[in-house]
Each structure stands twice: as C-alpha cells, then as structure tokens.
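Visitor: I have a protein model open in front of me and would like to learn how to read it. Could you walk me through it, please?

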Amino acid sequence: MDIQQLKLLAKSLRELFERNSARPLGHEKSLNLIAAVPGLRNWSVVSKSPDKVLACQFDESAANRLARRIEMDIGPPAFSPELLLKTLRATTSPALKVWPSGPAPGIYLTPSPDAISALLDNFDTGTEGSLIYTEQATGHQRPLVIGEEGIWSEALLKAPSGTLLVLGCFHLNQDEWSLHAGKLERARILVERHGYRIAILLNTPSARTMYDDVLLLLDHTSVVANTLFTGVFGQVTEMGELSAYSERARKEVAPQLVSLPPSEPAIPKAIIAALAPALQDCHKGLIVLGVPRINRFDALEVAADILRMTDHVGPAARVPGRPGLVLGSDGVPESIRRLPLFPSVESAHAQGYKRIVFETLFTARQTIAKYSEDCLLIGYAIGASFIDDIIVRIVSPTIDDTDMALIENVIALGTISNIDDFNRELGIGDLFIKSRNPATSVSIEMEDGFEYGDVLQETLGTQRLCQLIFKSKLALESHVQLLHLIASQVITAEKWFAIAEAADFPENFLERLKRQYDEARSQEGRRKISQ
C-alpha cells in the first residue's frame with residue numbers, strides 16, 4: 001500500500017461516518033485515524049515513514065487496529081473490524097493521475113461551496129504534491145492562497161500543467177459584470193497556454209443561465225482579443241468531480257411573457273396620461289423614473305406601472321443591481337417578483353428578453369446606450385427628486401458619443417416628488433417626454449466645455465413638463481422639495497402659484513408657501529451682498 005491509497009481509505013472512512021454516524025468526521029481527523037492501518041501514531045508520522053506504509057496491507061489485523069483507534073479517539077458505538085474491512089477494502093482504487101491523464105484543462109463552474117470543498121478533498125486525497133491554488137483562504141491545508149495580485153499573480157505562470165486553481169466567489173451582478181469579464185479572460189489564458197484546471201464558485205440570481213452567462217463573458221473578451229475560447233467548459237459536481245460538457249452549445253429556453261396583476265398605480269394619473277401616448281407604439285428605447293425617497297420598494301412599484309403599460313413590447317425581466325438586492329419580500333413588490341431575474345442587462349438581452357428593469361446606479365452608460373438600441377430599458381433611480389438627478393447618473397460630466405447615443409434613445413425621464421399639504425397627498429412631477437415630431441425635437445450641438453447644465457438647458461428646455469399636480473399614494477415628502485424646485489429655476493414661483501391656485505390648494509397652504517419662499521429669497525439676497 002502507498003500513501004495515495006491510504007488517503008483514499010481516509011476518504012472512504014469519512015463517507016462511512018457520514019452515512020452511519022451523527023458525528024461527521026473531518027478531513028484531518030480521518031487522516032490521523034487511518035494512520036492506525038500501518039500501525040503509526042498520526043498522519044505526520046505517516047508522511048515520515050513511507051517504508052512502513054509500503055509494507056502494510058489492509059487486512060484483518062489492520063482493520064482491528066483501526067477499529068480500536070476509532071473507539072479510543074471517537075468513542076462508542078464504534079465500527080466493527082469486519083464492517084471496516086468490507087467497506088473500506090472495496091474502495092481502495094488506484095490513485096488519481098493528475099497529469100497528463102485525469103480531468104482535462106478547462107473552466108469548471110458551480111454555485112455550491114460544498115462542491116468546491118469536495119473537489120479540494122478529492123485532489124488532496126488523490127494526488128501527492130500536485131499544486132492547488134485558491135483565490136481565498138479555505139479550511140484545507142494544501143491549497144496556496146495566491147495573494148493580493150489574485151489571478152494576475154506572476155507565480156501562476158510558473159506552475160506546472162494540471163495545476164488546480166479555485167476562484168471565487170464570483171458575484172454575477174450588474175455592478176461587477178465587467179470585473180468578472182477581465183478575470184475570465186485571464187482564466188482563459190491560464191487554461192489554453194498553461195494547462196490549468198480552473199474551478200469557479202459563482203453566486204448568481206439565475207443559476208439556470210449560469211453557464212450561458214460565463215460563456216457570454218468569455219465570448220465578449222474573446223472578441224476583444226480576436227480569439228475564441230477553445231478550452232473545455234464544464235461543471236464541478238457535488239461529489240467534487242470535474243465534468244466536461246460534450247458540446248459547447250447553449251440550452252436555450254424561450255422567454256415567457258409574464259403579465260403583472262392589476263394594482264393601484266404608484267405613478268400619478270396625470271403622469272400616466274402624459275406617458276401613455278409615448279409608450280403606445282414604442283418597442284425600444286430608454287425610460288427612467290425616479291423617486292426621492294431611498295426606498296427600493298417605491299421605485300420598483302413605479303417600474304411595475306411602466307411594465308403594465310408596455311406588454312406589447314414583449315417578455316420582461318429584472319436585473320438586481322448587486323448582491324443583497326436580489327430577493328426578499330420586504331424590498332420587492334409582490335407583483336414584480338414574478339419576473340425572471342438575471343445578473344445583468346447583457347444576460348437578460350442574450351436570453352431574448354425585450355423589456356429589462358434595471359437600477360441606474362449600478363449600470364454603465366455604455367451598457368444603457370448599447371442595449372436601448374434593441375430593447376426597452378426601464379430604469380429606476382432611487383433618491384432622485386428631479387430630472388437633473390437622473391441625468392447625473394446616466395450621462396458623463398462632459399458629453400461624448402456614448403452620451404449622445406444614450407440621449408438619442410431616451411423616450412421619457414421623470415421623477416415624482418410629494419408635498420406635505422395638511423394630510424392631503426399631493427405632489428409635483430418633473431417630467432420630460434421626447435417629442436416624436438422631428439420638427440419640434442431638440443438636437444444637441446457638440447461643443448467644448450459642455451457640462452450637465454448646458455445639456456439640460458439645451459435638451460430638456462422646450463419639452464419638460466414641470467406643472468403636473470397629482471394625488472400620490474407614495475409616502476409624503478416635505479414641501480421644501482418644491483421650494484428647491486423653484487429655487488433651481490426649473491419652474492418660476494409665479495407660474496407654480498398660478499397652477500396651485502387652479503388646482504384649488506388650501507389658501508393657508510399657499511400663504512405659508514409664499515412666505516417661506518420670500519424668506520428663502522431674502523436670505524439668498526443677504527448672502528450675495530455679504531460676499
């Protein structure tokens with residue numbers, strides 16, 4: 001018997017405990033127990049006594065020693081020597097040959113930490129001295145942590161072919177999508193040029209499309225590098241085996257149209273009436289609506305209203321921004337929980353979805369510009385009181401070609417601010433709807449030094465509707481929001497007061513608002529004089 005076979009006996013002993021004992025046996029403990037087979041004290045002595053291991057056989061005498069060791073170290077009820085001999089002898093198969101035979105070099109995926117743990121156990125048990133690298137520390141003794149440089153460490157280029165590298169956890173989400181594309185490109189190089197076996201632990205809201213998503217990232221980086229991934233692609237099974245696919249074809253599942261149940265609109269009727277004509281015939285483009293409160297539930301309710309108005313576009317999906325924002329009944333309205341989840345806009349689009357709900361904070365403007373050319377992107381902006389807040393999130397400070405393309409695809413931008421008016425739920429909507437009439441649409445001339453303010457003034461000036469007074473079911477905000485709206489000159493005080501009077505606001509509310517507005521103007525005037 002050699003040390004490799006002794007390790008296989010330790011693995012079989014662990015499996016025996018898992019099946020027949022309430023006390024699971026750890027990796028290190030099983031090695032120390034199996035040292036009784038050659039009559040040695042513990043595993044460290046085994047490593048120093050290869051001659052004694054070679055002279056040993058797993059027979060009745062060895063089984064008796066192992067049974068006594070288990071009873072002494074673990075306690076009763078112990079396994080009988082006969083059971084140990086019958087069970088463990090049947091599993092003493094030849095040791096795993098890592099290279100050149102064994103699992104092929106490639107990229108292997110799993111969403112299961114247990115599968116990764118089993119893989120490390122298998123390599124530790126079935127190989128002797130073969131290198132194992134991990135990106136993060138594990139409970140195993142053999143793997144070497146690759147340090148701060150991670151997958152870009154130069155040490156990985158010096159390891160022999162057949163080396164196992166465990167990466168992750170990779171959180172597949174919109175915020176980290178590009179980061180993982182870079183890591184996978186590096187993994188492709190290690191597989192194709194250095195013969196690595198790379199296992200990746202993934203965390204994704206869509207386990208069904210996990211393989212498609214990684215292939216999508218690999219294909220993207222391969223196109224950039226002008227070379228396609230040619231290595232093996234597969235999975236890490238729950239038993240810790242590296243299993244390659246017979247072919248690289250994706251299993252496509254046709255997207256299904258999910259109609260949301262009817263509900264009281266979160267978007268005020270006045271804004272719905274203004275949006276309806278613009279959405280009636282649209283099949284692609286960009287809509288972004290914002291709510292001032294830091295409340296994802298409110299924002300998703302607004303997105304659900306847009307979904308109900310756009311069923312004609314096609315199947316819809318939702319993209320959570322980052323880990324922790326995926327599920328949970330407290331943060332997602334029941335109606336929108338019916339939508340399938342995908343880690344990114346790119347992933348949802350690749351699966352054939354034509355309407356994609358996303359959060360603007362975590363989505364790159366390049367992604368918004370590209371995919372709004374082919375599908376309807378429905379964005380929600382949390383903590384956005386005015387259109388200005390939305391523009392800051394989706395457009396760069398200095399306008400470039402990407403921003404121009406994005407602005408060209410805009411269908412509507414809007415926010416919903418509420419005003420506390422003596423228990424009346426009233427509010428004002430800051431809304432921009434792009435004109436579909438070329439004669440009245442606004443174009444932007446590129447000039448050096450264009451900033452946000454210039455773009456807002458140039459693009460939104462003639463088509464911005466700021467006078468929508470509505471009743472809202474969303475939680476109330478202070479009317480200080482309205483004072484800010486007036487102070488930023490989005491709408492003049494005189495015009496708003498005229499609108500408020502026409503809307504039959506309570507007289508004492510108007511008096512109070514005018515008084516506060518005059519005080520704010522006086523303070524601003526005194527501040528300018530002092531400067």
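**Reading strands, sheets and helices**

Guide: Let's begin with a strand. From S8, Gly285, Ile287, Leu289 and Val291 point one way, Leu286, Val288 and Gly290 point the other way, and all are buried. Keep in mind that this is a predicted model.

Visitor: What does that say about S8 and the rest of the structure?

Guide: Buried here means under 20% relative accessible area. Seven of the seven residues of strand S8 (residues 285-291) are buried, so S8 is largely enclosed by the rest of the structure.

Visitor: Which strand does S8 pair with, and in what sense?

Guide: S8 pairs with strand S11 (residues 376-382) in the parallel sense, over seven bridges. To find one bridge on your screen, look at Val288, whose partner in S11 is Gly379.

Visitor: How many helices and strands does the protein have?

Guide: The protein has 19 helices and 14 strands. Of its 531 residues, 50% are buried. You can also look at contacts: among those between residues at least 6 apart in sequence, 74% join residues at least 24 apart.

Visitor: How do I read a sheet? What is the order of strands in the open one?

Guide: Read across the strands from one edge to the other. The open sheet of seven strands has the order S3-S2-S4-S5-S1-S6-S7, and its pairing is mixed. Strand S3 (144-145) and strand S7 (242-244) stand at the edges with a single partner strand each, so one side of each has no neighbour in the sheet. Helix H8 (residues 177-194) packs on this sheet, touching strand S1 (106-110), strand S4 (164-171) and strand S5 (197-203). The direction of H8 makes about 165 degrees with that of S4.

Visitor: How does S3 join S2?

Guide: Strand S2 (residues 132-134) and S3 run parallel and are joined by two bridges. In one of these strands you will find Thr134, whose bridge partner in S3 is Val145.

Visitor: And which strands is S1 joined to?

Guide: S1 runs parallel to S5, with five bridges between them, and parallel to strand S6 (residues 232-236), with four bridges. Thr110 stands opposite Leu201 in S5, while Gly106 has Val232 as its bridge partner in S6. Both faces of S1 are covered, with Gly106, Tyr108 and Thr110 buried on one side and Ile107 and Leu109 buried on the other.

Visitor: Is Lys183 in helix H8 buried or exposed?

Guide: Lys183 is buried, with a relative accessible area of 15%. Leaving aside neighbours within four places in sequence, Lys183 is in contact with Glu135, Ile151, Trp152 and Phe170. For another case, look at Leu83 in helix H6 (residues 81-89). At 33% relative accessibility, Leu83 counts as partly exposed.

Visitor: How do I describe two packed helices?

Guide: Two packed helices are described by the angle between their axes and the distance between the axes. Here, the axes of helix H2 (residues 27-34) and helix H5 (residues 60-73) come within 9 Å and cross at roughly 130 degrees. H2 and H5 are therefore oblique to each other.

Visitor: Which residues meet there?

Guide: Lys29, Asn32, Leu33 and Ile34 in H2 meet Leu66, Arg69, Ile70 and Asp73 in H5. By class, this contact has four nonpolar, one polar and three charged residues.

Conventions: Residues are numbered from 1 along each chain as its sequence is written. This is a predicted model: local features need pLDDT of at least 70, side-chain atom pairs count only at pLDDT 80 or more; totals for chains, interfaces and linings use all residues. Side-chain values use heavy atoms; hydrogens and water are left out. Two strands pair if DSSP finds at least two bridges between them. Contact means heavy atoms within 4.5 Å. Axes are lines fitted to C-alpha atoms, for helices over the stretch in contact, and angles run from 0 to 180 degrees between N-to-C directions. Buried means under 20% relative accessible area, exposed over 50%, partly exposed in between (1.4 Å probe, protein chains only). Angles under 35 degrees count as roughly parallel, over 145 as roughly antiparallel, 65 to 115 as roughly perpendicular and the rest as oblique. Ala, Val, Leu, Ile, Met, Phe, Trp, Tyr, Cys and Pro count as nonpolar, Asp, Glu, Lys and Arg as charged, and the others, Gly among them, as polar.
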